[in-house]
Amino acid sequence: MVAVNPLALPGVYAPQEDTALLAGALSEEPLLPGAHVLDVGTGTGALALEAARRGTRVTAVDVSWRAVYSTRLNAWRERLPVRVHRGNLFTPVRGQSFDLILTNPPYVPAPAGARTGRGTARAWDGGGDGRLLLDRICVEAPQLLRPGGVLLMVHSALSDPASTLTVLRASGLKASVTRRRRIPFGPVLREREEWLRERGLLSADEENEELVVVRAELPC
């Protein structure tokens, strides 16, 4: 897991296995001090703080004001210089470029009629196929990467990693799945288990979810 357990205001997604998996991938990136890092959908700021501890210049973005306040509070607690903006995905940083982009976006497939985009659920609900925001990130993130820059993104195998790789490669990035981890179903998947099986996203005997980290690099 991340080095320090960050505070999460009510309604803010607390770090879980997907955060830890992405933090592990971050730890393997050869970042130089002063590198520009962007954390999109920062939540508590756990990943932004991990990057800041390495002497990078970090910008964090979240659409939730409570997430923004949580990240600012956690950065203040650790005396780490993290710039935090409220906004939808990349809107607050248009025209900027980064050496590394981190994102743990909403990716859980949601039945029609689910109250997506509201409350805590907007931290995980990704539309009917889980790709409501994943596809936007795959299209928009490459435009903000510097040559040699890297995108690290975590999501569920339920939301089609092959499509993620296809879209990123179509944008000219070298993309691959670099980490995988199987975890027991959490409360959200337990609640949607029957629906996921009906859609064919889960087999009849499947009891674990696979998480993946996608790494995509813009060639120099």
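How far apart do the end C-alpha atoms of residues 9-108 lie, and how much of the span is helix and how much is strand? Those end C-alpha atoms are 22 Å apart, and the span is 32% helix and 22% strand. The stretch is worth picking out since the UniProt record, an unreviewed entry, annotates residues 9-108 as "domain: Methyltransferase small". Keep in mind as you look around that this is a predicted model.

Let's start with the sheet. It is an open one with 7 strands, and reading across it you meet them in the order S3-S2-S1-S4-S5-S7-S6, with mixed pairing. At the edges sit strand S3 (82-86) and strand S6 (174-184), each of which pairs on one side only. Going from one strand to the next, the twist averages 15 degrees.

Now pick out a parallel pair. Strand S1 (residues 36-40) runs in the parallel sense with strand S4 (residues 98-103), and 4 bridges join them. If you want a spot to find this pairing on screen, go to valine 37, whose bridge partner in S4 is leucine 100.

Further along the order, the pairing of S7 is antiparallel with S5 and with S6. Strand S5 (residues 145-156) and S7 share 7 bridges in the antiparallel sense, and leucine 151 stands opposite alanine 216 in S7. S6 and S7 are also antiparallel, over 10 bridges; here arginine 181 has leucine 211 of S7 as its bridge partner. Strand S7 (residues 208-217) is largely enclosed by the rest of the structure, because 7 of its 10 residues are buried. As a general point for looking at any of these strands, side chains in a regular strand alternate between the two faces of the sheet.

Stay with S5 a moment longer and find serine 156, which belongs to that strand. Serine 156 is buried, at 1% relative accessible area, where the cut-off for buried is under 20%. What does serine 156 touch, not counting residues up to four places away in sequence? The answer is Tyr107, Pro161, Glu209, Glu210 and Leu211. Tyrosine 107 is 49 residues from serine 156 along the chain, yet their C-alpha atoms are separated by 6.6 Å.

Next, go back to the S1 side. Threonine 42 lies in the loop between S1 and helix H2 (46-52). Is threonine 42 buried or exposed? Its relative accessibility is 7%, so threonine 42 counts as buried. Leaving aside neighbours within four places in sequence, threonine 42 is in contact with Ala48, Ala60, Val61, Asp62 and Thr71. Alanine 67 is 25 residues away from threonine 42 in sequence, with a C-alpha to C-alpha separation of 7.2 Å.

On to helix H3 (residues 65-78), where tryptophan 65 and tyrosine 69 both lie, 4 residues apart, or about one turn of the helix. The model has 1 aromatic pair by the rule used here, and these two residues form it: the rings are stacked, 5.6 Å centre to centre, with 25 degrees between the planes. Both partners are partly exposed: tryptophan 65 has a relative accessible area of 43%, and tyrosine 69 comes in at 45%. There's another ring to look at too, since arginine 79 lies over the face of tryptophan 76, at 4.8 Å from the ring centre.

Helix H4 (residues 134-140) is where you'll find glutamate 140. That glutamate is buried, with a relative accessible area of 14%. Setting aside neighbours within four places in sequence, glutamate 140 is in contact with Phe90 and Arg94.

Finally, a couple of backbone oddities. Most residues other than glycine have a negative phi. Leucine 89, in the loop between S3 and S4, is not a glycine but has a positive phi of about 50 degrees. Aspartate 160, in the loop between S5 and helix H5 (161-170), also has a positive phi, near 65 degrees. Which of these loop residues is buried, and which is partly exposed? Leucine 89 counts as buried at 10% relative accessibility, whereas aspartate 160 is partly exposed at 34%.

Definitions and conventions. Residues numbered from 1 in each chain as written. Predicted model: local features only at pLDDT ≥ 70, side-chain atom pairs only at ≥ 80, totals over all residues. Heavy atoms only, no water. Pairing = 2+ DSSP bridges. Helix = DSSP H or I, 4+ residues; strand = E, 2+ residues; numbered from the N terminus. Axes fitted to C-alpha atoms, helices over the stretch in contact; angles between N-to-C directions. UniProt positions renumbered as here; feature names shortened; annotations may be inferred. Phe/Tyr/Trp six-rings, centres within 6.5 Å; stacked < 30°, edge-to-face > 60°. Buried < 20%, exposed > 50% of the residue type's maximum accessible area, 1.4 Å probe, protein only. Lys NZ or Arg CZ within 6 Å of the ring centre and 35° of its normal. Contact = heavy atoms within 4.5 Å.
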